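Biologist: Please take a close look at the largest cavity of this structure. What lines it, and what else belongs in the picture?

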Amino acid sequence: MADQHDRSVPTRSTYRRQCLGLQATALAGLVAGCSELGSDDTDSDDHAADGDDDDSSESDDDDHPASFETTIAVDPDEQNDRDVPRTLFGRFAEHYGDHEIYPGIYAEYVTNTSFVAWGQVQSDIPSHVYGFDDVGEYDDIPFPWEPIGDAAFALPDDGGVRGLEDWDSDGGWPEVDQEPQNAFQRLELEDETAGLRQQIPLPDWRTLTYEFAISARSEDLEALEVRLTAPDGDELASETVDGLAADWQRFEGAELALEAESGSQLEGGAQGDFASPYGEYVLEIVAEGTGTLDLDWVSLMPDDAVEGKFNPTTIDLMDDRNVSLLKWPGGNVTSTYLWEDGVGPIEERPIRPNVVWNGLDPNLMGTAEYVEFCELTDVEPTITVGVTVDDPEREFQPPEPITPEDAANWVEYCNGDTNTEYGALRAEHGYEEPFDIEVWEVGNEVWGDWQAGGTHDGGAFAERALEFIDAMTAVDDSITVIPDGLDPMYGDEDLPDPEGWNDALFEIVGEEMDGIGMHRYNWGIRDEDPGSVEAWKDDNDADALDYNEVLLSFPTQFGELIDETAVRAETEYGLENLEFFIGEWGLYPTVADGDPWPGMPTMAGASYIAGMFNAFIRQSDRLRRASHTHLPVRMFPPEHIDHPANPNPLLPVGYTLSLYATVFDGERTWQVIDTSVDGLTRDLPETGVRIRKQDDVSYVDVTAIATPDTDAYCAFLTNRNLRSDADVTLEVPDEFDDSDASVVIQYPTDDPHDPQDGVGDAPETWYDWNDLESYAIDEDEQTVDDGTLSLSLEPSAVARVRLE
């Protein structure tokens, strides 16, 4: 077997942060955090308490009582002038190699559709549901295809139907096993049956019928057979493709109809193997006889794909959560993404190596498909344009620089009239009406060493960003263009000074800037940070739960960071009403060995999400858009990696999103009203390089909103104390005295750090929020008594109170 992927590993260190820390930092936290916490069971029978609960406030530990009291007052007369935008509840999508786009959005289930070299950035972790150990590596057969029979296999360099085009680079670009070429798969048969196979998971819980297509040619053979088999080899469906000839032909419409589900479920997941709803299959393409058979551009699509191409489960889940915005195409991918590769007829689009995240991008999901998907899911499209900065100190450069002209042409393709060059091209591609993309980002983490064509020079980026903004708005002056800023507390040793970076934007771009984009990832204390989690605990006389509570309480600080940045822009640079877009955010905690892990699959992680949403809403007069990373609205098979990118749609954070976002669905407008909290607090010590010291942060975090005429009221709360229940007295506006309140509480079924592993019976329980593993939902009605409501919130619980 040829060691195919080793030749494609980059020789540079710039990929040290390949998976946003997911494959390193979060893995460390995950592995360390899977032990039992051993805390008391705080589950109760009445989570929307009426105030008649028993006296549980006594405890042997004065520092950590069994419960504590908190009173929340509201002032509905103090309302923000601006409505809370629904676009705070967005989603970030990127062309990862891990099935987020294919089949997560675009429902293509074949990987490596055109038999080209498999581009591996991280050779040990192929972003595919089956790894090299499961598939094997073969001479002249590209991963993840495998041979059937003893035919001679070859990969001719040129002459295929779809393939790679030439990408030259001036430096720093990883090779992808062989020079870009239009290769195809060739088989030489001698009186035998032979072919290729690919192990493949399919959503057989959803549909049993799949549409197969292939390009093929043969002077000697008249037909080939395509099959779906079980992993043990039992044939489950087959179809004959007749009419092979010496020239390439496209064969479409072959229907592979299963009689029943596979019976073998794919196992996978972040917290350990579990049976997923996906059935395990093998796609086989075989021929019989003597002669040469050439194959290229294979496709296998479920017959229930929406508009023939989109994953219906993803659409359902996005609708269920009321996701409001989708940022695309990345992410790190944007620094190498050439938009013209993803427009026009599919057969004319090149395949590109995804050297940022592993694997290949067949460019099936391009601009038009993205716009169509946004329309289907009723979300606001937000496109991120890559930026190449001329920086001689930055070794890592894209194969082709991305220029202001490229960005302007993309705007024209999306928004231009048909009398413009690129508007006419869009019309030629079948889209007469403009796409009218309003919001555009310029640059993605340009300040990071891992970004191709980036820089540490804030002034150089600001000058380049201004060129992009001028070029883009010259095409369409109605668009909103947001350059890439830097979170004020991103004090990492290998990053530029955040204040200097943002100041350069404020000074150079100035009034031409419609807003500023920022990313916020919290890791806690990483290996590369000064100190360690254990040292932090010693220095602060703290334990593992203290550390996790600090992480969960950070969102209060984040709101203040946004406020401070906005005030600085106004007072120092005269930029009034600066708007913010938090384009990526999430908690990927690093914890010490044996400590509980508060990641996304836990209710502790859900409490962090709720805190960030609360901060976003409180700052919504200036924070207008946000898109969470890896929020589980996508649906695809578990991948062959160990970091927590668990596709389980029932993760606690998914429900937390819907708890918030569904309030903002419809025509009703909401504005923030003043709240004050009187209750137990904790201090935040300096934690890593991204959390600064802050005193007296309330354990119970709350934000309240009301309609402008105060005929409806809503409050969102979370208890960030991981040991004690919060007995909350919530004041409500006088208009609602004696009214009935709708109270929904999401709470842990046991420990807040227990992960949500299972998916239940698909698809029914995916939309049934009862009897879940790590959390439960309590929905109740309470009557407002003397202007107050009483709630009992368990550790990490999230609540929504609504009156109208």
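Modeller: A cavity here is a set of grid points where a 1.4 Å probe fits but cannot get out. Its volume is the space filled by probe spheres set on those points. Keep in mind that this is a predicted model.

By that definition, the largest cavity holds about 320 Å³ of space. Its lining is made up of 33 residues. Y102, V110, T111, N112 and L360 are the closest to its centre. Sort the lining by class and you get 15 nonpolar, 14 polar and four charged residues.

Now the elements. Two strands, β5 (185–202) and β14 (360–361), each give at least two residues to this lining. β5 has the largest share, with four residues.

The largest cavity has company. Searching the whole structure turns up eleven cavities of 30 Å³ or more. The second largest has a volume of about 150 Å³. Its lining counts 14 residues. Nearest its centre lie V333, T336, Y337, R352 and D361. By class, seven of the lining residues are nonpolar, four are polar and three are charged. One link is worth a look on screen. β14 spans 360–361 and supplies residues to the lining of the largest cavity, while D361 is among the residues nearest the centre of the second largest.

Next, a helix further along the chain. α4 covers residues 367–377. Nine of its eleven residues are buried, so the helix is largely enclosed by the rest of the structure. The cut-off for buried is under 20% relative accessible area. The buried residues run T367, A368, E369, Y370, V371, E372, F373 and C374, plus T377. Glu appears in that list at E369 and E372.

What encloses the helix? The buried residues of α4 pack against two helices, α3 (312–321) and α5 (404–415). They also pack against two strands, β12 (325–328) and β15 (380–385). After α4 comes D378, with a positive phi near 55°.

Last, the cysteines. C374 of α4 is buried. C414 has 0% relative accessibility, so it counts as buried too. The number 414 falls within α5 (404–415), one of the packing partners of α4. C714 is likewise at 0% relative accessibility and therefore buried. A disulfide is a covalent bond between the sulfur atoms of two cysteines. A search of the whole structure finds zero of them.

Note on methods. Residues are numbered from 1 along each chain as its sequence is written. This is a predicted model: local features need pLDDT of at least 70, side-chain atom pairs count only at pLDDT 80 or more; totals for chains, interfaces and linings use all residues. Side-chain values use heavy atoms; hydrogens and water are left out. On a 1 Å grid over the protein atoms alone, a cavity is a set of points where a 1.4 Å probe fits but cannot get out, and a pocket is an open set with protein on both sides within 12 Å along at least five of seven lines; lining residues have an atom within 4 Å of a point. Ala, Val, Leu, Ile, Met, Phe, Trp, Tyr, Cys and Pro count as nonpolar, Asp, Glu, Lys and Arg as charged, and the others, Gly among them, as polar. A disulfide is a pair of cysteine sulfur atoms within 2.5 Å. Buried means under 20% relative accessible area, exposed over 50%, partly exposed in between (1.4 Å probe, protein chains only). Contact means heavy atoms within 4.5 Å.
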